[in-house]
Amino acid sequence: MAAVDRNIVLIGFMGTGKSSVGKTLARKLGRSFVDVDMWIETSQKRKIKDIFETDGEAYFRTLEKEAIRIISRQTGSVITTGGGVVLDAENRRLLKETGVVIALLAKPETIYERVKNSQHRPLLQGADRLSEIQSLLESRKGFYQEADLFFETDGKTSAEVAENIMGALETQKNS
Ligand code: S3P
């Protein structure tokens, strides 16, 4: 598959900036943008939070898996994913097969600062959000490490992260 046809897929924990970086990246590169969670919300006509509350996480994961099957048929798009997309082996395989997979990283403390007031993240609603972040991050770390490229986002704006990604993709293209 030609480099330009490959999707650019952003993975990473909640609060690592996938959606804002992805939007910026798509705009700067003139590519179409698909956010998997937004796609699910549109097709289900309800919020992710409501899906978790009514039908549970396992059901959400089946919707997420179906969404990845459909969305990964696209080419040349910027695709942003929910933090748990990597839990499923087929999701990981499909995304890698059809795109360059980029992991956005951040320290648990940074993530905590970014999500502490969020009401729409069903997995982070407990009393001790920093501990929830630390243990979930620990259990998923290995999956995020399967990405092709990695970018630290601590202390950076989404525009800066997007610039860093574009620079790395350019280098990759020329090598
Ligand atoms: C989840 C992350 C969320 C959303 C859902 C589950 C996760 O997306 O898909 O709440 O398991 O980490 P963001 O990473 O965009 O917050």
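**Figure 1. Overall fold of the predicted chain, read as β-α-β-α-α-β-α-β-α-α-β-α along the sequence.** The chain has seven helices and five strands, where helices (H or I, at least four residues) and strands (E, at least two) are DSSP runs, numbered from the N terminus. Its radius of gyration, taken over C-alpha atoms, is 16 Å, close to the 16 Å that the globule rule (2.2 Å times the number of residues to the power 0.38) gives for 175 residues, so the chain is as compact as a globular protein of that length. Along the principal axes, the C-alpha atoms fill a box of roughly 50 × 35 × 25 Å. This is a predicted model, in which local features need pLDDT of at least 70 and side-chain atom pairs count only at pLDDT 80 or more, whereas totals for chains, interfaces and linings use all residues. Residues are numbered from 1 along each chain as its sequence is written, and side-chain values use heavy atoms, with hydrogens and water left out.

**Figure 2. Burial and contacts across the chain.** Of the 175 residues, 42% are buried, a term that means under 20% relative accessible area, with exposed meaning over 50% and partly exposed in between (1.4 Å probe, protein chains only). Among the contacts (heavy atoms within 4.5 Å) with a separation of 6 or more, 71% are between residues 24 or more positions apart.

**Figure 3. The buried residues of helix α5.** Within α5 (residues 108–115), the buried residues are Thr110, Ile111 and Val115. They cover an arc of only 120° around the axis, judged by the directions from the helix axis to the C-beta atoms, which puts them on the same side of α5. What covers these buried residues includes α6 (129–144).

**Figure 4. Surroundings of tyrosine 112 in helix α5.** Tyrosine 112 has a relative accessibility of 27% and therefore counts as partly exposed. Leaving aside residues up to four places away in sequence, tyrosine 112 touches Arg129, Leu130 and Ile133. The C-alpha atoms of tyrosine 112 and arginine 129 are separated by 7.0 Å, although these residues are 17 residues apart along the chain.

**Figure 5. Surroundings of threonine 24 in helix α1 (residues 18–29).** Threonine 24 counts as buried because its relative accessibility is 9%. When residues up to four places away in sequence are not counted, threonine 24 touches Ser158, Ala159 and Ala162. Lysine 156 lies 132 residues from threonine 24 in sequence, and the two are 14 Å apart in space, C-alpha to C-alpha.
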